[in-house]
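Open the model in a viewer and keep the selection panel at hand. The stops below go from the whole chain to single residues.

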Amino acid sequence: MSEHFRDVSPDAPELQPILDGLFGEYAARYGDYFSRSAEVELTEWYLAPQGLFIVLERDGEIIATGAYKPFDAHTAEIKRIWTKQALRKQGLAAKIVQELERRALLSGYSHIYLTTGFRQPEAVRLYLSQGYQPQFDVHRDPEEYSQPPFDGRLRFTKALSVERLSKTA
């Protein structure tokens, strides 16, 4: 088995079925709470030098994806973390997150920001295991974050450092 990362455009035709599936998973969990059309996304946000979209391939097949875009001058925002359904719980999402952190640091970012939805406990576990700091009460029922004054997004932050990344590499 040969695995490698590859940079891609978020508009790459090979990604469209994957992204459609990802948004289908969101719709299955949330209905139209997080509508794909409600979120403005521009391709250029995910292109170098300020952004990045990567795939993890195994023997020529895309098995995981992830991206970051600028959040502010010093912070990259991680997006589109996805792992092929049959390969989940094998650490592939963690590999994607670690590669995105490494590449963000090389691109001059010093912090990472991300959000996940209130019905994605596996994502919450992933980010906590990778050293992200929750900006919400992890002991509260996540469903409460779907009600006003909240917007359903669970926010995380992380400071990047060369020392920290060398320990996870």
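Start with the charges. Select Lys and Arg as positive and Asp and Glu as negative, leaving out His and the chain ends. The place of each charge is NZ of Lys, CZ of Arg, CG of Asp or CD of Glu. The mean positions of the 21 positive and 24 negative charges of the protein chain lie 4 Å apart.

A note on the model before going on. It is predicted: local features need pLDDT of at least 70 and side-chain atom pairs count only at pLDDT 80 or more, while totals for chains, interfaces and linings use all residues. Residues are numbered from 1 along each chain as its sequence is written, and side-chain values use heavy atoms, with hydrogens and water left out.

**Whole chain**

Switch to a cartoon. The protein chain has 4 helices and 7 strands, where helices (H or I, at least four residues) and strands (E, at least two) are DSSP runs numbered from the N terminus. Their order along the sequence is β-α-β-β-β-α-β-α-β-β-α.

Show the C-alpha trace next. Along its principal axes it spans about 45 × 35 × 30 Å. The radius of gyration of the protein chain is 16 Å, which agrees with the value near 15 Å for a compact globule of 169 residues. This radius is taken over C-alpha atoms, and the globule rule is 2.2 Å times the number of residues to the power 0.38.

Now turn on the surface. About 9,100 Å² is exposed by the protein chain, and carbon and sulfur atoms supply 54% of that area; accessible areas come from the Shrake-Rupley method with a 1.4 Å probe, and for residues only the protein chains shown count as cover. Of the 169 residues, 41% count as buried (buried is under 20% relative accessible area, exposed over 50%, partly exposed in between; 1.4 Å probe, protein chains only). Among contacts (heavy atoms within 4.5 Å) with a separation of 6 or more, 66% are between residues 24 or more positions apart.

**Aromatic pairs**

Display the rings of Phe, Tyr and Trp (its six-membered ring); two rings pair if their centres lie within 6.5 Å, and planes under 30 degrees apart count as stacked, over 60 as edge-to-face and the rest as tilted. The structure holds 10 aromatic pairs. Select Tyr30 and Phe118: their ring centres are 5.1 Å apart and their planes are at 65 degrees, so this pair is edge-to-face. Tyr30 is in helix 1 (residues 16-30) and Phe118 is in the loop between strand 5 (111-117) and helix 3 (121-129), so that the pair links distant parts of the chain, 88 residues apart. Tyr30 is buried at 6% relative accessibility, and Phe118 is buried at 5%.

Move to Phe136 and Tyr145. This aromatic pair is edge-to-face, with 5.8 Å from centre to centre and 75 degrees between the planes. Both residues are buried. Add Tyr127, Tyr132, Phe150 and Phe156 to the selection: ring pairs link these with Phe136 and Tyr145 into a cluster.

**Strand 4 and the loop after it**

Select Lys79, in strand 4 (residues 75-83). Is Lys79 buried or exposed? Its relative accessible area is 10%, so Lys79 is buried. Not counting residues up to four places away in sequence, Lys79 touches Glu39, Glu41, Tyr46, Gly66, Ala67 and Lys69.

Arg80 is also in strand 4. Its phi is positive, about 55 degrees, although Arg80 is not a glycine. At 9% relative accessibility, Arg80 counts as buried.

Go on to Lys89, in the loop between strand 4 and helix 2 (92-106). Lys89 is not a glycine but has a positive phi of about 65 degrees. At 86% relative accessibility, Lys89 counts as exposed.

**Val8**

Val8 is in the loop between strand 1 (3-7) and helix 1. It is buried, with a relative accessible area of 11%. Draw a distance from Val8 to Ile54: C-alpha to C-alpha they are 5.7 Å apart in space, and 46 residues apart in sequence. Leaving aside neighbours within four places in sequence, Val8 is in contact with Glu14, Leu15, Phe53 and Val55.

**Cis peptide bonds**

Show sticks for Ala48 and Pro49, which are joined by a cis peptide bond with omega about 10 degrees. Pro49 lies in the loop between helix 1 and strand 2 (52-58). Then select Pro148 and Pro149: the peptide bond from Pro148 to Pro149 is cis, with omega near 15 degrees. Pro149 lies in the loop between strand 6 (133-134) and strand 7 (153-159).
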